[in-house]
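Biologist: Could you take me through one part of this chain closely, namely the middle domain, and then set that part against what lies on either side? I would like a connected account rather than a list.

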Amino acid sequence: MKEIYFRFYGRLKRFLPDDRQIRPYSHYFKGRQSVKDRIETVGVPHTEVELILANNRPVDFSYLVKTGDRIAVYPHFYQLELQDNYRLRPPYPGKPRFIADVHLGKLAKYLRRFNFDTIYQNDLKDQEIIDIGVEEDRIILTRDHGVLMRKQVTYGQFIHNDDSRIQLYEVAERYNLTEYYKGSESRCVDCNSRLIEIDKEEIIDRLELKTKMYFERFKICQECDKIYWEGSHYKRMEDLFEKINNY
Ligand SMILES: [Zn+2]
């Protein structure tokens, strides 16, 4: 048996049992093993890892662990800009785009509301989610460890919380969403298409009395025809993002 000492930092600790979160712990294995394989064996998907130090030196996923190694594993840190040669994967290109698994319908709606292109269908299978994510360079959001442990997946995030608002915090924090959000832009929460402005006169027959009375500016989904206005729901979403800014 070979022995290494693992220590996981920050939110990565949430993947471990309580007694392994505080200090380094021994991990035993046989044969030639990459550090990526060892990390995933203890339950941490590779997509969650941003930096690995072996005996205080940065290594990549292919590093072969050897007896006595002290392995420190770090998640993405918002403030930390890694040098290119320490990176485990290329930085995500451009504004984040997502695909969410079947458990994350509410989170998908939040992301669309804030104009983040997010594919979500409640009948997509894991393999389809992986294929679309990889093909279209989308960040896979999932509550399934197994999906993120697949080799071909480069960009992904495991979602820890049950509450969809806190889920949005999780994603916003990891991918710095506030930098990309422009206050007035939005997508259709039902179908992910872009909204365009429309004159009140054109849709006035479809509005309820109160909406007709209190609102002047409207948008419409080009795909499914759903009508949007800056009602109370819209304002609460604004507040939510304000909170994320101060989070
Ligand atoms: Zn729509």
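Modeller: What follows begins with the middle domain, turns to its neighbour before it in the chain, and ends with the domain after it. The model is a predicted one, and the domain assignment of the protein chain gives domain 1 as 2–86, domain 2 as 98–179 and domain 3 as 195–235.

Within the bounds of domain 2, which run from 98 to 179, the part to look at is an open sheet of four strands, whose order is β7-β6-β8-β9 and whose pairing is parallel. The edges of this sheet are formed by β7, residues 118–119, and by β9, residues 156–158, each of which pairs on one side only. Strand β6, residues 98–100, runs parallel to β7 and is joined to β7 by two bridges; Phe98 has Thr118 of β7 as its bridge partner. For reading the faces of such a sheet, it helps to recall that side chains in a regular strand alternate between the two faces.

The helices come next, and a packed pair of helices is described by the angle between the two axes together with the distance between them. Here the pair is α2, residues 105–113, and α5, residues 164–175, whose axes come within 9 Å and cross at roughly 60°. An angle from 65 to 115 degrees would count as roughly perpendicular, and one under 35 degrees as roughly parallel; α2 and α5 are therefore oblique to each other. The crossing of these two helices is right-handed. On the α2 side the contact is made by Lys106, Leu107 and Tyr110, which meet Ser164, Gln167 and Leu168 of α5. By class, the residues of this contact comprise three nonpolar, two polar and one charged.

Turning to the neighbour before it, the centres of domain 1 and domain 2, taken over C-alpha atoms, are separated by 23 Å. The contact between these two domains involves nine residues of domain 1 and 12 residues of domain 2, and the side of domain 1 that touches domain 2 has two nonpolar, four polar and three charged residues.

As for strand pairing at residue numbers below those of domain 2, strand β3, residues 51–54, runs antiparallel to strand β5, residues 70–74, with four bridges joining the two, and Ile52 stands opposite Val73 of β5. Strand β3 is also joined by two bridges to strand β4, residues 57–58, again in the antiparallel sense, and here Leu53 has Pro58 of β4 as its bridge partner. The hairpin of β3 and β4 has two residues between the strands, and in this hairpin Asn55 takes a positive phi near 50°.

On the other side, where domain 3 covers 195–235, three strands form an open sheet in the order β10-β11-β12, with antiparallel pairing. Its edge strands are β10, residues 195–198, and β12, residues 227–229, and each of them pairs on one side only. From one strand to the next the twist averages 35°. Strand β11, residues 218–221, pairs with β12 over three bridges in the antiparallel sense, and within that pairing Lys219 stands opposite Tyr228 of β12. Set beside each other, the four-strand sheet is parallel in its pairing, whereas the three-strand sheet is antiparallel.

Definitions and conventions:
Residues numbered from 1 in each chain as written. Predicted model: local features only at pLDDT ≥ 70, side-chain atom pairs only at ≥ 80, totals over all residues. Pairing = 2+ DSSP bridges. Axes fitted to C-alpha atoms, helices over the stretch in contact; angles between N-to-C directions. Parallel < 35°, antiparallel > 145°, perpendicular 65-115°, else oblique. Left-handed = near helix turned anticlockwise from the far one by under 90°. Contact = placed C-beta atoms within 7 Å. Nonpolar A, V, L, I, M, F, W, Y, C, P; charged D, E, K, R; others polar. Domains from an automatic or database assignment.
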